[in-house]
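Colleague: I'm new to this one and would like to be walked through it. Could you put it up on the screen before we start?

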Amino acid sequence: GPHMTIAANMVLLLAGLAGMIGVIMGRDMNGLILAAMYGSTFHRVAVEWKERGYASKDERDDAIYWKALAIGVSVPGLLLVVWMLLLGSFADDGMWHPVRQDDWAAVALFAMGLTVQIGGIAKARMTPAYAAELLDDD
């Protein structure tokens, strides 16, 4: 149900963050970031399959999906914009920025994973209480 979705996405978000911290420290942690992104994507698809199967979304589910997607895209987007603005001022003072191709891949994978994870958390938080009780009982 929604509570498990929030917990799973938080664990995967922390795994992706740990991978990103490892990349910043100079380690090769792209695999962990990729695994967190794939894990959250697989979890989201599996949960939606369990909830609906082949049935199409109704209006409420569709509205929740698009709102969660908007939140999921906007949070990493805003974080990247703030980071780029700060980078302009603090790059000379040692603020980390991608240099190698692997660093750029890590940033992109982390942003995509964060999009899915935050979107999944937002969707679970927007699930109405009556639906959450039904989903948690399964």
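Modeller: Before we look at the surface, one term is needed: a nonpolar patch is built from residues with over 30% relative accessible area and no salt bridge, whose nonpolar side chains are joined within 5 Å. Please also keep in mind that this is a predicted model.

Colleague: Okay, which residues make a nonpolar surface patch here?

Modeller: Leu-14, Leu-17, Ile-21 and Met-25 make one, and the patch covers about 380 Å².

Colleague: Take Ile-21 from that group, where does it sit?

Modeller: Ile-21 belongs to helix α1, and with a relative accessible area of 44% it is classed as partly exposed, because that class takes in whatever lies between the 20% limit for buried and the 50% limit for exposed.

Colleague: Switching to the inside, how many cavities of 30 Å³ or more are there?

Modeller: There are two cavities of that size in the structure, and the largest of them holds about 110 Å³ of space.

Colleague: Which residues are closest to the centre of the largest cavity?

Modeller: The lining has 12 residues, and those closest to the centre of the cavity are Thr-5, Val-47, Glu-51, Lys-123 and Ala-124. Looking at elements, two or more lining residues come from each of α1 (2-24), α2 (30-52) and α4 (101-125), and α2 gives the most, with four residues.

Colleague: What's the mix of residue classes around the largest cavity?

Modeller: Its lining divides into four nonpolar, four polar and four charged residues.

Colleague: And the second largest cavity, what volume does that have?

Modeller: Its volume is about 30 Å³, and the residues lining the second largest cavity include Gly-16, Ile-33, Met-37, Phe-110 and Gln-117. Helices α2 and α4 each supply at least two residues of that lining, with the largest share, five residues, coming from α4.

Colleague: How does the lining of the second largest cavity divide by class?

Modeller: That lining has six nonpolar residues, three polar ones and no charged ones, whereas four charged residues are found in the lining of the largest cavity.

Colleague: What about pockets, what's the volume of the largest one?

Modeller: The largest pocket has a volume of about 300 Å³. It is lined by 13 residues, and closest to its centre are Met-20, Leu-79, Leu-80, Trp-83 and Phe-110. Helices α1, α3 (59-90) and α4 each contribute at least two residues to this lining.

Colleague: How many of the residues lining that pocket are nonpolar, polar or charged?

Modeller: By class, the lining of the largest pocket has 13 nonpolar residues, with no polar and no charged ones.

Colleague: Let's change topic to charges. How many salt bridges do you count?

Modeller: The count comes to four salt bridges. In one of them, the side chains of Glu-48 and Arg-44 meet, with an N to O distance of 3.7 Å.

Colleague: Why are Glu-48 and Arg-44 separated by about one helical turn?

Modeller: They are four residues apart in helix α2, so about one helical turn lies between them. As for their surroundings, Glu-48 is buried and Arg-44 is buried too.

Colleague: And which residue does Asp-61 form a salt bridge with?

Modeller: Asp-61 pairs with Arg-60, and the closest N and O atoms of the two are 3.3 Å apart. Asp-61 is partly exposed, with a relative accessible area of 22%, and Arg-60 is also partly exposed, with a value of 30%.

Colleague: What's the N to O distance between Asp-103 and Arg-100?

Modeller: The distance is 3.0 Å, and their side chains meet in a salt bridge. Asp-103 has 5% relative accessibility and therefore counts as buried, while Arg-100, with a relative accessible area of 43%, is partly exposed. Salt bridges with shared partners also join Arg-100, Asp-102 and Asp-103 into one network.

Colleague: One last thing, how far apart are Ala-46 and Asn-9?

Modeller: In sequence they are 37 residues apart, and in space the separation is 13 Å from C-alpha to C-alpha. Ala-46 has its place in helix α2, and it is partly exposed, with a relative accessible area of 33%.

Notes
Residues are numbered from 1 along each chain as its sequence is written. This is a predicted model: local features need pLDDT of at least 70, side-chain atom pairs count only at pLDDT 80 or more; totals for chains, interfaces and linings use all residues. Side-chain values use heavy atoms; hydrogens and water are left out. On a 1 Å grid over the protein atoms alone, a cavity is a set of points where a 1.4 Å probe fits but cannot get out, and a pocket is an open set with protein on both sides within 12 Å along at least five of seven lines; lining residues have an atom within 4 Å of a point. Grid points are joined across faces, edges and corners, and a volume is the space filled by probe spheres set on the points. Ala, Val, Leu, Ile, Met, Phe, Trp, Tyr, Cys and Pro count as nonpolar, Asp, Glu, Lys and Arg as charged, and the others, Gly among them, as polar. Patches are made of residues with over 30% relative accessible area and no salt bridge: like charges are joined within 9 Å, nonpolar side chains (Val, Leu, Ile, Met, Phe, Trp, Tyr) within 5 Å. Accessible areas come from the Shrake-Rupley method with a 1.4 Å probe; for residues, only the protein chains shown count as cover. Buried means under 20% relative accessible area, exposed over 50%, partly exposed in between (1.4 Å probe, protein chains only).
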